[in-house]
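Work through the exercises below with the sequence and the model open. Try each task before reading its solution.

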Amino acid sequence: MEKDNILTIQHLKKSFGQHEVLKDIDLQVQRGEVMTIIGSSGSGKSTLLRCLNLLDDATAGEILYNGQNILDPNFNRIQYRAKVGMVFQQFNLFNNLNALENCVVAQTTVLKKNPAEAEKNALAQLEKVGMGPYVKAKPAQLSGGQKQRVAIARTLAMSPDMILFDEPTSALDPEMVDGILDIMKDLAHTGLTMILVTHEMGFARDISDHVVFMDQGVIAEQGSAEQIFSSPKNPRTQEFLQRYLKRL
Amino acid sequence: MYLKQKRSWLSIIGLLFAVFVIAAGTFHSSQAQAAKKSKKVFLVGMEANYPPFNWTQQDASNGAVPIQGSNLYANGYDVQVSKRIAKRLGRPVEVAKTEWDGLLPALTSGKIDAIIAGMTPTPEREKTIDFTRAYYNSKQIIVVNKNSKYAKAKTLKDFKGAKLTGQLSTVQYDLIKQIKGAIREPAMRDFSSMRVALQSNTIDGYVAELPEGYSMAVADPNATYINLSGKGGFVLDKTESQEAIGLRKNDPNKATINSVLSKLPNSEQSRLMQQAVKEQPQTSSQGNWFIDIWQQYGGMLLRGIGMTLLLAIVGTAVGFIIGLLIGIVRTIPAPKKRLQRYLINFVNWLLSVYIEVFRGTPMIVQAAVFYYGAAQAFGINLDRTTSALIIVSINTGAYLAEIIRGGIISIDQGQFEAATALGMTHFQQMNKIVLPQAVRNSIPAVTNEFIVNIKDTSVLSIISVSELFFTGSTIAGQNFQFFHTYLTISLIYLIMTFTITRIFRLIEKKLNGPKNYDLMTNDFQIATPKIAGK
């Protein structure tokens with residue numbers, strides 16, 4: 001069967017000065033799959049994600065999105081970013097705007113939607129993540145879990161092809177985590193392409209189609225959730241997962 | 001409705017900008033009118049604050065002449081001489097009220113046609129301008145307090161140990177060097193300052209010319225003067241105790257003016273001077289000094305307040321817009337394409353130069369360079385108010401650019417990243433996300449800048465803009481009530497700055513938005529529950 005890749009990453013390298021964070025990454029992301037990137041801190045997971053959304057510029061290599069190299073200077077980054085959403089660990093809601101405006105602003109400026117339509121869509125997305133009653137609240141008035149819900153709604157309001165999640169629950173109180181994971185689980189079932197960096201191993205095992213284990217800037221092992229969590233082949237993967245399973 | 005709110009801060013800026021453009025337009029047209037008129041008008045530069053030679057008054061009585069760009073009048077010995085000359089030249093006469101230090105540059109840069117201000121032709125001055133024959137022969141005196149030990153002095157020797165001063169860049173100030181053992185205090189800007197210093201005993205006396213002595217004797221009963229032109233007095237050339245008219249080099253009118261002056265014998269000079277002393281403004285204090293000042297000079301004070309506020313408001317508003325634009329440009333991320341990158345770097349370099357130059361030099365110097373320098377070097381002749389508005393605006397812009405840049409870089413990197421990740425361009429990010437937050441954070445600093453502007457526009461008196469401080473010194477020069485006048489002025493400054501602080505506090509509060517928010521509720525929840533049985 002012909003594979004439908006939304007992203008094809010080839011020989012991707014990223015250095016910060018002398019320090020090489022990503023060393024020759026090759027990776028394929030299929031349309032509609034939920035891919036989880038796991039690994040210890042400093043292994044390059046977040047940097048990889050940031051390179052995928054061009055927040056960091058890769059030093060070398062190619063990232064093909066629907067066959068087009070996004071690192072090409074003539075590539076339309078604006079259009080690409082509008083199609084590829086990102087959810088941050090620190091939420092990064094716009095502090096000057098309320099929940100609803102947070103979800104409207106990019107629709108009207110980037111997608112040039114008319115305000116009424118954008119507002120209607122934003123309200124629907126906020127409703128979907130359970131933030132219907134809080135549309136007028138400013139970020140400072142919301143809890144961490146509520147902020148992350150708004151951040152997800154803000155991304156969804158752009159009708160993205162793909163969403164990148166950068167440790168979306170790491171900054172949350174434990175009792176907030178499940179609510180966010182539930183929302184992401186629901187999203188996974190809609191057939192949206194999702195790339196997720198997380199330390200929630202149980203969750204990763206449940207929802208992932210494809211798990212990637214990164215270690216010291218390289219992909220040490222990848223495969224289905226079943227393969228990686230039940231019978232990891234690489235001793236580093238085994239060591240890493242053991243530490244987590246012990247905690248569970 | 002949400003979107004409307006978001007746009008409001010941009011529309012406020014737009015509105016301010018429009019106000020500035022309109023204001024500039026009005027000034028421009030008045031300037032154009034002035035330019036049209038100036039072909040005919042004989043414009044004479046003087047301090048209009050040195051009675052009995054020249055002073056400012058509020059009406060045209062006793063043959064006073066209008067002061068250009070105001071509804072005040074100048075009169076005095078100099079004005080009467082100016083009128084004779086203008087009559088002969090067949091041109092209407094107007095006075096350009098100019099600080100003493102500004103007279104020479106005003107003449108050489110073509111802002112005025114002649115200096116008739118009690119100026120002595122010295123060799124230094126003759127290097128830059130021409131002088132006519134004398135129009136007044138004066139005597140050198142020292143003004144002292146009646147009750148001081150110097151009141152009985154006869155010769156220079158008697159002034160041993162006295163603290164003396166004179167006006168900056170005058171012959172009289174140099175004369176102090178001839179008094180052995182006298183303490184030569186720093187020179188002062190104008191006669192008002194010297195009179196205040198004498199009244200408050202910070203000096204024992206000041207060197208001046210005879211008419212100042214007449215004048216002081218009339219105005220201040222505690223003052224007297226010692227004539228030091230005779231034996232045991234000052235030694236100086238004949239020309240050094242003469243007053244002449246300053247003209248640009250090779251002025252074709254010089255011969256005509258000299259012929260007018262030749263018909264002004266000593267007796268006639270003396271008669272005109274006596275008349276001037278009689279007509280000079282008198283203090284009319286019958287009751288409460290505060291009420292007196294407002295009754296007599298209320299209109300002038302209000303216009304001074306108006307000018308100060310105009311300069312501060314326009315300067316801060318335009319400076320704010322400049323600051324915002326520079327803030328946006330300076331934070332553009334380095335573009336991928338080489339040519340664009342060079343261009344951005346070049347623009348950034350230019351902006352740094354602008355900021356460094358205008359932050360690194362005093363506004364008083366900028367004003368002098370801009371107003372006199374531009375006219376002298378390039379023949380650009382702007383009127384005072386326009387020059388002042390431009391200087392205050394670009395000076396404030398340099399400060400606010402850095403304040404707003406500080407506001408922008410203090411914003412969490414996550415805000416930029418989230419906006420970038422959504423596909424917003426640099427300008428969209430700035431407009432919708434970053435600047436609203438940066439501006440909010442900068443408001444205390446902008447308030448500061450506004451207050452500084454209210455006070456520091458007083459340095460623009462160097463180019464004779466009649467803002468509040470300049471108005472104050474004019475009034476003090478007329479009523480000789482220095483302490484009371486400046487006390488009134490400082491009270492006005494205090495009220496203005498205090499009010500503005502309060503207004504900005506309110507704006508801050510408004511921008512913070514309400515502390516609580518309404519939960520979106522449906523009708524069912526909003527409905528007041530009905531209590532059964534009631």
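**Exercise 1. The cores**

How many residues does the largest nonpolar core have, and which residues have the most contacts inside it?

Solution. First, the ground rules. This is a predicted model, in which local features need pLDDT of at least 70, side-chain atom pairs count only at pLDDT 80 or more, and totals for chains, interfaces and linings use all residues. Residues are numbered from 1 along each chain as its sequence is written, chains are lettered from A and ligands numbered from 1 in the order in which they are written, and side-chain values use heavy atoms, with hydrogens and water left out.

Next, the terms. A nonpolar core is a set of buried Ala, Val, Leu, Ile, Met, Phe, Trp, Tyr and Cys residues joined through side-chain atoms within 4.5 Å. Buried means under 20% relative accessible area, exposed over 50%, and partly exposed in between (1.4 Å probe, protein chains only).

Now the count. The largest nonpolar core has 157 residues. A:Leu7, A:Leu12, A:Ile195, B:Tyr77, B:Ile85 and B:Ile245 have the most contacts inside it. Helix 10 (residues 289–330) of chain B gives the most to this core: 13 residues. Helices (H or I, at least four residues) and strands (E, at least two) are DSSP runs, numbered from the N terminus.

Finally, look for another core. A second, separate one has 36 residues, including A:Leu100, A:Ala151, A:Ile152 and A:Leu172.

**Exercise 2. One residue of the second core**

Place A:Ile152 and list what it touches.

Solution. Start with the element: A:Ile152 is in helix 5 of chain A. Then check accessibility. A:Ile152 has 0% relative accessibility, so it counts as buried. Now the contacts (heavy atoms within 4.5 Å). Setting aside residues up to four places away in sequence, A:Ile152 touches A:Val87, A:Val129, A:Phe165, A:Ile180, A:Ile183 and A:Leu187.

**Exercise 3. Chain B overall**

Describe chain B by its elements, burial and contacts.

Solution. Count the elements: chain B has 18 helices and 13 strands. Then take burial: 51% of its 534 residues count as buried. Last, contacts. Among those between residues at least 6 apart in sequence, 73% join residues at least 24 apart.

**Exercise 4. An enclosed helix**

Why is helix 14 of chain B largely enclosed by the rest of the structure?

Solution. Helix 14 (residues 413–421) of chain B has eight of its nine residues buried, so it is largely enclosed by the rest of the structure. The buried ones are B:Gly414, B:Gln415, B:Phe416, B:Glu417, B:Ala418, B:Ala419, B:Thr420 and B:Ala421.

Now find the cover. From chain A, it includes helix 1 (45–52), helix 2 (77–83), strand 6 (84–87) and helix 5 (144–156). From chain B, it includes helix 13 (384–409) and helix 15 (426–456). Then look past the end: B:Gly423 follows helix 14 of chain B, with a positive phi near 95°.

**Exercise 5. A helix pair**

Give the packing geometry of helix 12 and helix 13 of chain B.

Solution. Two packed helices are described by the angle between their axes and the distance between the axes. Helix 12 (residues 363–378) of chain B packs on helix 13 of chain B at about 135°, with the axes 10 Å apart. That angle makes helix 12 of chain B oblique to helix 13 of chain B. Angles under 35 degrees count as roughly parallel, over 145 as roughly antiparallel, 65 to 115 as roughly perpendicular and the rest as oblique. Axes are lines fitted to C-alpha atoms, for helices over the stretch in contact, and angles run from 0 to 180 degrees between N-to-C directions.

Then find the contact residues. Helix 12 of chain B brings B:Met363, B:Gln366, B:Ala367, B:Phe370 and B:Tyr371. They meet B:Arg384, B:Ser387, B:Ile390, B:Ile391, B:Val392 and B:Asn395 of helix 13 of chain B.

**Exercise 6. Loop backbones**

Describe the backbone and setting of A:Lys112, A:Ser159 and B:Pro52.

Solution.
- A:Lys112 has a positive phi near 55° and is not glycine. It lies in the loop between helix 3 (99–109) and helix 4 (115–128) of chain A. At 61% relative accessibility, A:Lys112 counts as exposed.
- A:Ser159 also has a positive phi, near 45°. It sits in the loop between helix 5 and strand 7 (162–166) of chain A. At 43% relative accessibility, A:Ser159 counts as partly exposed.
- B:Pro52 follows B:Pro51 through a cis peptide bond, with omega near 5°. B:Pro52 is in the loop between strand 1 (42–46) and strand 2 of chain B.
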